[in-house]
Amino acid sequence: MKENLGKFLKNILPPASVERLKGVRDIAHLGRTVSDLQGKFLREQYPGLVACEDERTYLALNEYKAFSQYGEDGLLLYIFSQIGIANFSFVEIGIGTGRECNTAALSIYFGWHGLLIDGDADNVKLARAHYGACLGRETERVKVAPGFVTTENVNEIITQHGMAGEIDLLSIDIDGNDYWVWQAIEAVEPRTVVIEYNASFGPEKAITVPYDPAFNRHDK
């Protein structure tokens, strides 16, 4: 298992973080910190650990919540185990205080870098303090930007904070204009996209709110 764990960490960590692993003892320590999360990933890396013929059931088995709202943390590691990782980068729009979002595990556990955006100034302040405490001297890896995102300003906000071109993950959760903002994004080219949707309409209906740059779900 130590050998498997070492391979897992080298697959998911950026090179700079791998260089900081000075031996089995360090790898084991980091492994214990993320034991549950890496276990979900290892199911795909080493198929003998899980056998399941139903793809949807197999996907569900990889759900795991560390910092995500539901099982997105585990599912994202599963997806990246299938498609690989280009540059360990992300943009997430709509993060609340940053404590519960889709990229937190990647940045805190695995050394990814990227941009977090939220339209609430108080949330931005809390998120900056949280990531400052979690990342310490590596706080610069995660930028937290204020901005009420619309189709008109989303590309400007992204590029202003240094993100452009191919990224590994784009996550959008803004409770309303998600679809329209996704369509408008040209500043980055995400390899993987996570977008919140309203499951109460079921999987067959394609229902989208009319675009309104000032949309507020509480008002509507």
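Begin with the cysteines: in this predicted model, the structure holds zero disulfides. Select Cys101 and then Cys134, and compare how each is covered. Cys101 counts as buried because its relative accessibility is 3%, whereas Cys134, at 38%, counts as partly exposed.

Next, colour the whole protein by secondary structure, where 10 helices and five strands can be followed. With a surface switched on, the protein exposes about 12,200 Å², and carbon and sulfur atoms supply 50% of that area. Of the 220 residues in the protein, 41% are buried. If contacts with a separation of 6 or more are displayed, 66% of them in the protein join residues 24 or more positions apart.

Now go to helix 7, which spans residues 104–110, and select Ser107 within it. Is Ser107 buried or exposed? Its relative accessibility is 1%, so Ser107 counts as buried, the cut-off being under 20%. Follow the side chain of Ser107 and you will find that it reaches the backbone oxygen of Ala104 at 3.1 Å. Leaving aside residues up to four places away in sequence, Ser107 touches Phe90, Trp112, Tyr131, Leu135, Arg141 and Val142.

From that list, keep Tyr131 and show its own surroundings. With residues up to four places away in sequence again not counted, Tyr131 touches Gly98, Cys101, Ala104, Ser107, Ile108, Leu116, Gly136, Thr139 and Val142. The buried Cys101 selected at the start is therefore met again here, as one of the residues that Tyr131 touches.

Widen the selection to the largest nonpolar core, which has 20 residues, and in which Trp112, Leu116, Tyr131 and Leu169 touch the most other members. At least two residues of this core are supplied by each of helix 6 (72–83), helix 7, helix 8 (121–135) and strand 3 (142–146). Which element provides the largest share of this core? That share comes from helix 8, with four residues. Apart from this core lies another, of 18 residues, and a selection of Ile93, Ile158, Ala184 and Val188, which are among them, will bring it into view. As a general background to such groupings, nonpolar side chains in soluble globular proteins tend to be buried together.

Turn next to the aromatic rings, of which the structure holds six pairs. The rings of Tyr109 and Phe110 have centres 6.1 Å apart and planes at 80°, so this pair is edge-to-face. The two partners can be compared by their cover: Tyr109, at 23% relative accessibility, counts as partly exposed, while Phe110 is buried, with a relative accessible area of 1%. A further pair is formed by Tyr179 and Trp180, whose ring centres lie 5.0 Å apart and whose planes stand at 80°, so that this pair too is edge-to-face. Here Tyr179 counts as partly exposed at 33% relative accessibility, and Trp180 counts as partly exposed at 27%.

As a last stop, return to Tyr109 and Phe110 and add Phe67 to the selection, since ring pairs link Phe67, Tyr109 and Phe110 into a cluster. With helix 7 still displayed as residues 104–110, the buried Ser107 and the buried Phe110 can be viewed together with the partly exposed Tyr109.

Notes: Residues numbered from 1 in each chain as written. Predicted model: local features only at pLDDT ≥ 70, side-chain atom pairs only at ≥ 80, totals over all residues. Heavy atoms only, no water. Buried < 20%, exposed > 50% of the residue type's maximum accessible area, 1.4 Å probe, protein only. Polar contact = N/O pair within 3.5 Å; in protein donor to acceptor, adjacent residues only side chain to side chain. Contact = heavy atoms within 4.5 Å. Areas by Shrake-Rupley, 256 points an atom, 1.4 Å probe, with all protein chains shown as cover. Phe/Tyr/Trp six-rings, centres within 6.5 Å; stacked < 30°, edge-to-face > 60°. Core = buried A, V, L, I, M, F, W, Y, C linked by side-chain atoms within 4.5 Å. Disulfide = S-S within 2.5 Å.
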